[in-house]
Amino acid sequence: MITILRKQTPPLCLEEEKSKTNGNYECGDTLFRLQQDFHYKCYICEKPNLTDIQIDHFLPRKLRPDLRCEWTNLFLCCVHCNNTKLAGYIPLLDCTKADAQIAQKIRCTAEPMSQEVCIEALSDEIEVANTVRLLRDVYFGKTSHKAHEAVVLRRLLYEELTRFTGILQKYLVAAPVRKPRHREQIVKDLQPTSAFTSFKIWVIWQHERLRSDFVPDIPPELQPPLIT
Ligand SMILES: [Zn+2]
């Protein structure tokens, strides 16, 4: 999970739907605007190019029926994460808040070679603890069925990190004249539009040379903790 700043304005049709008992929160171009804002990625697992699109109510409809058609309560996610979250894990970190600073509160690391995923809280806020619990359940599965889905999700993550670390290795050994080409791809991978960005940021952060070369290129809302 990374901080995602909404840029779209709320669809006008949502205002009309709010006045209805069971208003349609998928009215008009709501889904299109959500896809644009969330970069076609699930906001929880960061899986890209979603084909199993769901709209998650950040604060569940059961608890807050008044927010059923509230734009800031609608989040783009995949079926796996939506079913895992359901009405639990409250309160959660709201990744659409500019001051969420998720990369400074949660460390996400994965090792494709040993096939390990580690998600750790760096702060003792209850929102952070709940978000870490949700992310662990998403990446490992809470039930037998979800555990099978999580295997596929982790495979996608390992494949993406293997590709990313391959580019990093090329960058590190490249002659100065060839570095800009690799650098351009690495910077692109550190943007919110990229898949599993939270894990890539920590790959950079944990390597001294890469950290000094690339942390300045990470967008402000995705900045990892400062080295003290
Ligand atoms: Zn997901």
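Two strands count as paired when DSSP finds at least two bridges between them. That idea is handy for the hairpin of β3 and β4 in this predicted model, where four residues sit between the two strands. The strands run antiparallel and are joined by six bridges, with β3 covering residues 106–111 and β4 covering residues 116–121. Across the pair, T109 finds itself opposite C118 in β4. Q115 is a residue to look at in this hairpin, as its phi is positive, near 55°.

A second antiparallel pair turns up earlier in the chain numbering, made of β1 (residues 53–57) and β2, with five bridges between them. Here D56 faces F75 of β2. In a regular strand, side chains take turns pointing to one face of the sheet and then the other. Strand β2 has both of its faces covered: L74, L76 and C78 are buried on one side, while F75 and C77 are buried on the other. Since five of the five residues of β2 (residues 74–78) are buried, this strand is largely enclosed by the rest of the structure.

Moving on to the helices, α8 (residues 197–205) has eight of its nine residues buried, so this helix too is largely enclosed by the rest of the structure. The buried set is made up of T197, S198, F199, K200, I201, V203, I204 and W205. And what do these residues pack against? Their partners are α4 (102–105), β3 (106–111), α6 (144–173), α7 (179–189) and α9 (208–214). So strand β3 of the hairpin shows up again, this time as one of the elements packing against α8.

The pairing of α6 with α8 can be described in some detail. The two helices pack at an angle of about 40°, and their axes are 11 Å apart. An angle like that makes α6 oblique to α8, and the crossing is right-handed. On the α6 side, the residues involved are L157, L161, F164 and T165, and they meet F199, K200 and V203 of α8. Sorted by class, this contact has five nonpolar residues, one polar and one charged. In an α-helix, there are 3.6 residues to a turn, so residues three or four places apart point the same way.

Helix α3 (residues 79–85) is home to C81. Is C81 buried or exposed? With 25 other C-beta atoms within 10 Å, C81 is buried, given that 20 or more is enough to count. Leaving aside residues up to four places away in sequence, C81 touches C42, I44, C45 and V138. E17, on the other hand, sits 26 Å from C81, C-alpha to C-alpha, with their positions 64 residues apart in sequence.

The loops hold a few backbone oddities. Between α3 and α4, the loop includes P91, and a cis peptide bond, with omega about 0°, links I90 to P91. That loop also contains Y89, which has a positive phi of about 60° despite not being a glycine. N49 does something along those lines: N49 is not a glycine either, yet its phi is positive at about 50°. N49 lies in the loop between α2 (30–37) and β1. As for their surroundings, Y89 counts as buried because it has 20 C-beta neighbours inside 10 Å, whereas N49, with 8 such neighbours, counts as exposed.

How values were computed. Residues are numbered from 1 along each chain as its sequence is written. This is a predicted model: local features need pLDDT of at least 70, side-chain atom pairs count only at pLDDT 80 or more; totals for chains, interfaces and linings use all residues. A residue is buried if 20 or more other C-beta atoms lie within 10 Å of its own, exposed if 12 or fewer, and partly exposed in between; C-beta atoms are placed from the backbone. Two residues are in contact if their C-beta atoms, placed from the backbone, lie within 7 Å. Axes are lines fitted to C-alpha atoms, for helices over the stretch in contact, and angles run from 0 to 180 degrees between N-to-C directions. Angles under 35 degrees count as roughly parallel, over 145 as roughly antiparallel, 65 to 115 as roughly perpendicular and the rest as oblique. A crossing is left-handed if the near helix is turned anticlockwise from the far one by less than a right angle, and right-handed if clockwise. Ala, Val, Leu, Ile, Met, Phe, Trp, Tyr, Cys and Pro count as nonpolar, Asp, Glu, Lys and Arg as charged, and the others, Gly among them, as polar.
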